[in-house]
Amino acid sequence: MSPHVHSGDSVSKNMRWVIIAMLPAMLWSFYAFGLGAVIVTATSVASCVFFEWAINKFILKNDQCTLCDYSAVVTGILLAFNLPANLPLYIIIIGALFAIGVVKMTFGGLGCNLFNPALAARVFLLISFPVKMTMFPEVGQMTAYADAVTAATPMANLAKTDLLPLFLGNVGGSLGEVSALCLLIGLVILLVTRTITWHIPVSILATVLVLTGLLNIAYPVEVATPWHHLFGGGLMLGAVFMATDYVTSPMTAKGQLIYGFCIGFLTVAIRVFGAYPEGMSFAILIMNAFVPLINNACKPQRFAKEVKK
Amino acid sequence: MNTILVAVMVLGATALVLAGVLFVVSKKFAVKEDPRVGQVAEVLPQANCGGCGFPGCAGFADACVKAGSLDGLLCPVGGQAVMTQVAEILGLSAGAAEPKVAVVRCNGTCEHRPRTVVYDGAVSCKIAHATGCGETGCAYGCLGCGDCVKACQFDAIRMNPETGLPEVDADKCTACGACVKACPRMIIELRNKGRNGRRMVVLCVNKDKGALTRKACEVGCIGCSKCQKVCPFEAITIANNLAYIDYEKCKLCRKCEDECPQHSIVAVNFPVRKPKPAPEAEAPKAAEAPKATEAPEATQKS
Amino acid sequence: MKTFRIGGVHPAENKLSAGKKIEPMALPKQAVFPLSQHIGAPAVACVAKGDMVKVGTKIADAGGFVSAAIFSSVSGKVAKIDSIIDASGYRKPAIFIDVIGDEWEEIIDRSEELVTECALEPAEIVAKIKDAGIVGMGGACFPTHVKLTPPPGSKAECVIINAVECEPYLTADHQLMLEKPEQILVGVSLLMKAVNVTKGYIGIENNKPDAIALMKEKAAKYPNIEIVPLKVQYPQGGEKQLIDAVIGRQVPNPPAIPIAVGAVVQNVGTAYAVYEAVIKNKPLFERVVTVTGKALANPSNLLTRMGTPMSMLIEAAGGMPENTGKIIGGGPMMGKALLNAEVPICKGSSGVLLMTEEESVRGKEQNCIRCAKCVGACPMGLEPYLLAKLGEYSDWERAENEDIMTCIECGCCTFTCPSNRPLLDWIRLAKNTVGGIIRERNMKK
């Protein structure tokens, strides 16, 4: 059956690029949070991979090895990126079980899930363990894990934080979200290797920039500058790695732009007007639910559409 | 106290209004339906297999009610029992029907019919059929991608990895005909189950000329018409280089089986023959016969 | 650089036989002519067993308006009319001719002399093309005279010659342009005359700079013919994509045909065949075929008589490599895998491609990860992932609403799918089924 040649592209290749793109942020988190970051990342990845393997083997009785596509590794790293570096092990394992077992495998595994597994797990943990999930250790405690000194995330007091450390990642926060710079490097890797297209990240970042810019002009005291919003919290992480997840994002360029805009809008709405200082995860999850609708509404530009009535 | 009262009153009023809306809507948009349709649908098996030729059990119930008589209407899953019940509800008489079973008319196992090329398209007989004559030289035989297996709602048909052919479990098969429709080569046929499940079948649908058939498959029917000549009941017809046994006329004498030079004619569910001569065995022996699966029968034949 | 606007991919070009001179093939012992070599009604044999034929003798008449006559490529005796497995994978009726000598019909002008003048009227040109059994030689094999007869009410504005050869591996058209540029240009002007237009374009992908330069130089004498270099992009050779790339118009969905935007598209090989038929009275019985493959000793471009079995071409190109996994008639993107090497060369056989065993293994199918790469690659702006799913679940109605009938089966979706899903297989199934449903519906009306 034609075609008889293939581009050589594969799921695992794409996933490998995602992992490579996540490396800068991961290494930064090791540097910033030391041992704690390593433990959290290792636990998260190991338990995600284990649950994927175990569920496939014992519950679904599927002989196909779905581990080789690295998607569980990606989920594991993404989950770790969303956790503070001093989180107890059992919480991480619960998170991994929720991500893989509930969000991913119950829907049929890779490609069938409605929500981003790592993100859904983060929100699950945030609601289940609100205190532990929002106590972020301070930067620079190389050997600390459970005993790390904690501080509140700069998100709680965004307007008063300095911009440069926020950009570089010298602030408290979840593992992966602190360094906007490293995440931007990741974005460039993803774009250059054509793993993702520019539509989603750019539309999210642009929307946030414009909206917070307007709000900042209107209420200069209450609302932080757009740059604070861009580089602070999980926005960059979400825009680069979470919202661009293949499975849970729309298929067409037009749909992706709408999706990105809505995420940006919801994030700003939650951050500025909502009860939580951080709105990225909720915004993405809400929009995940709308993806099938967006897919139905936004068809690609058909050939010769303008001629058709 | 006051707050509780207000809450109760507000919610109560809302409930009343909504109940009113529901009432109006249910009256106004009610679909008029013959109550017997529901009754008939209730006795149907609700397998929604479409074997009766109607879209699901509801469709069949509707057709039963609208039709004047039940002739030609049969729920293959529920069989005679269900049809009698349907007839009772409608005050009609049910037609009698012989129980049937799906029969895969191809015996091109890996052994009999060597694979000459490899098909690497999507796993679907329909697609394989459109691509070419398949992995063997036979342009009529089973493609082995299992469209019939996917179509079966009763788990009555399975692929045998050794033969590469589907096998029908006669106990589970309801003769709904879903597999017959699914097969792009029309290999599967619904045939009468026969006494004790015994059947004589030509396990081949190849219409090529003899020489070509023989090249592609060791057990393909070459249309030599020897069976036709030997059959005392005129149950066998030859058309397009292919023999066909009419199950209505066949008396299971097994003469054609011995005559067939290609061993395309296979006796199913008969007791294993003693070396020779083989008298028709008594009834108890029939129970010892292997299960009602066609393909292995053929290969086991001595 | 011009190209078409939506989708497209760029497979590795692998033009192994580029620059290889066109060599004439030896005659086969027996030539086989399947009666369905084109789209439309099969031809009807007009010779019987035992008849003697010459090179260029008509052996089968056109079976209708959308059909084409078939001519013998050899001289000899009709051995039998039987069936042979052709490119469709099934046995189809064919005429077998035992070759005796090489005697040509006298009417064919075998001189190499270039004739540029032609005094024939447009209708006469079309009639001559029809009488020569010419069909589109790019692979689709649509009878050429049908394309040159615009339906009433439509008017052609330009002729576009497809010389992009966007399929990887194939070089037959490329080499033909290098060796017969003037003949092709005469053929193009004949086609323009036949449909009564004053503008002709020849679209060539810029991975063939030598052909572009040569054609530009020769075309200087023909002010109405423009050589259009195009950016390398598959499937630029698709009719609709080519029209979009060259004149920037998009042909509406079926049942509209290219004439709706004033374009008549012909393959460069067809233009050459038209030249030979009209000027030299030579019906279509031979063509340039690329024989190629990574493991093949000597990939080449061979001038082959129709009816020659592919195995002979493979022998001529160095013999069948041991690790051959697939024999493909045509290019790797749209060609068909053949059941054996005895399939004869037909009017539309642009190439024979041998793929090694490793190359022919399809990757393991995985779940769709909804990466939308197929959506980006589809040159028709469809959603292949969705259409394939609809095909799998037999939802024909929705498939029709999702414009499945506009699919051109170029294979970009399957090519690009990271999960190795056989998208096009399912889409083809759905397209065929939906096509049948639509035909049935139209019949009822």
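Student: What makes the pair Asp120(B) and Lys326(C) a salt bridge?

Tutor: This is a predicted model, and in it the closest N and O atoms of Asp120(B) and Lys326(C) are 3.0 Å apart. The cut-off is 4 Å between a side-chain nitrogen of Lys or Arg and a carboxyl oxygen of Asp or Glu, so the pair qualifies. Across the interface of chain B and chain C, the rule finds 1 salt bridge.

Student: How many residue pairs are in polar contact between chain B and chain C, and which helix gives the largest share of the chain B side?

Tutor: The count is 6 residue pairs in polar contact, both residues being at pLDDT 80 or more. Helix 5 of chain B gives the largest share of the side that touches chain C, with 5 residues. By residue type, that side of chain B divides into 8 nonpolar, 6 polar and 3 charged.

Student: How many residues of each chain are in contact there, and what area is buried between chain B and chain C?

Tutor: Chain B has 17 residues in contact with 13 residues of chain C. The buried area is about 1200 Å², with carbon and sulfur atoms giving 61% of it.

Student: Let's turn to the other partner of chain C. What area is buried between chain A and chain C, and which residues of chain A lose the most?

Tutor: About 3700 Å² is buried between chain A and chain C, 51% of it from carbon and sulfur atoms. On the chain A side, His4(A), Met251(A) and Phe303(A) lose the most area to chain C, together 24% of what that side buries. The contact takes 37 residues from chain A and 53 residues from chain C.

Student: How many salt bridges does the rule find across the interface of chain A and chain C?

Tutor: The rule finds 6 across that interface. In one of them, Glu402(C) pairs with Arg302(A), with the closest N and O atoms 3.2 Å apart. That distance is within 4 Å, so the pair counts as a salt bridge. On the side of chain A that touches chain C, helix 1 (11-33) and helix 13 (280-297) are the elements that give two or more residues. The residues of that side divide into 13 nonpolar, 16 polar and 8 charged.

Student: Which residues are linked with Glu402(C) in a network of salt bridges?

Tutor: The network links Lys299(A), Arg302(A), Glu383(C), Arg398(C), Glu402(C) and Asp403(C). Within chain C, the side chains of Glu402(C) and Arg398(C) meet at 3.6 Å, N to O.

Student: Why does Glu402(C) count as buried or exposed, and where does Arg398(C) fall?

Tutor: Glu402(C) has 9% relative accessibility, and buried means under 20%, so Glu402(C) is buried. Arg398(C), at 30%, lies between the 20% and 50% cut-offs and is therefore partly exposed.

Student: What makes Asp62(B) and Lys66(B) about one turn of the helix apart?

Tutor: Both lie in helix 3 (residues 56-66) of chain B, 4 residues apart. Their side chains meet in a salt bridge at 2.9 Å, N to O. Asp62(B) is partly exposed at 27%, and Lys66(B) is exposed because its 65% is over 50%.

Student: What does the pair Asp155(B) and Lys172(B) tie together?

Tutor: The two side chains meet in a salt bridge at 3.7 Å, N to O. Asp155(B) is in the loop between helix 6 (147-151) and strand 2 (157-160) of chain B, and Lys172(B) is in the loop between strand 3 (165-168) and helix 7 (178-182), so the pair ties together parts 17 residues apart in sequence.

Student: How do you know that Thr136(B) is buried, and what does its side chain reach?

Tutor: Its relative accessible area is 5%, under the 20% cut-off, so Thr136(B) is buried. Its side chain reaches the backbone nitrogen of Cys138(B) at 3.2 Å and makes a polar contact with the side chain of Arg113(B) at 3.5 Å.

Student: How do you know that the span of helix 4 of chain C agrees with its residues?

Tutor: Its 14 residues (181-194) should span 20 Å at 1.5 Å a residue, and its end C-alpha atoms are 20 Å apart, so the values agree.

Student: Why is helix 4 of chain C called mostly covered?

Tutor: Of its 14 residues, 11 are buried, including Ile184(C), Leu185(C) and Met192(C). Just after the helix, Asn196(C) takes a positive phi of about 65°.

Notes:
Residues numbered from 1 in each chain as written. Chains lettered and ligands numbered in written order. Predicted model: local features only at pLDDT ≥ 70, side-chain atom pairs only at ≥ 80, totals over all residues. Heavy atoms only, no water. Expected span 1.5 Å × (residues − 1). Buried < 20%, exposed > 50% of the residue type's maximum accessible area, 1.4 Å probe, protein only. Contact = heavy atoms within 4.5 Å. Buried area = accessible area lost by both parts, 1.4 Å probe. Nonpolar A, V, L, I, M, F, W, Y, C, P; charged D, E, K, R; others polar. Polar contact = N/O pair within 3.5 Å; in protein donor to acceptor, adjacent residues only side chain to side chain.
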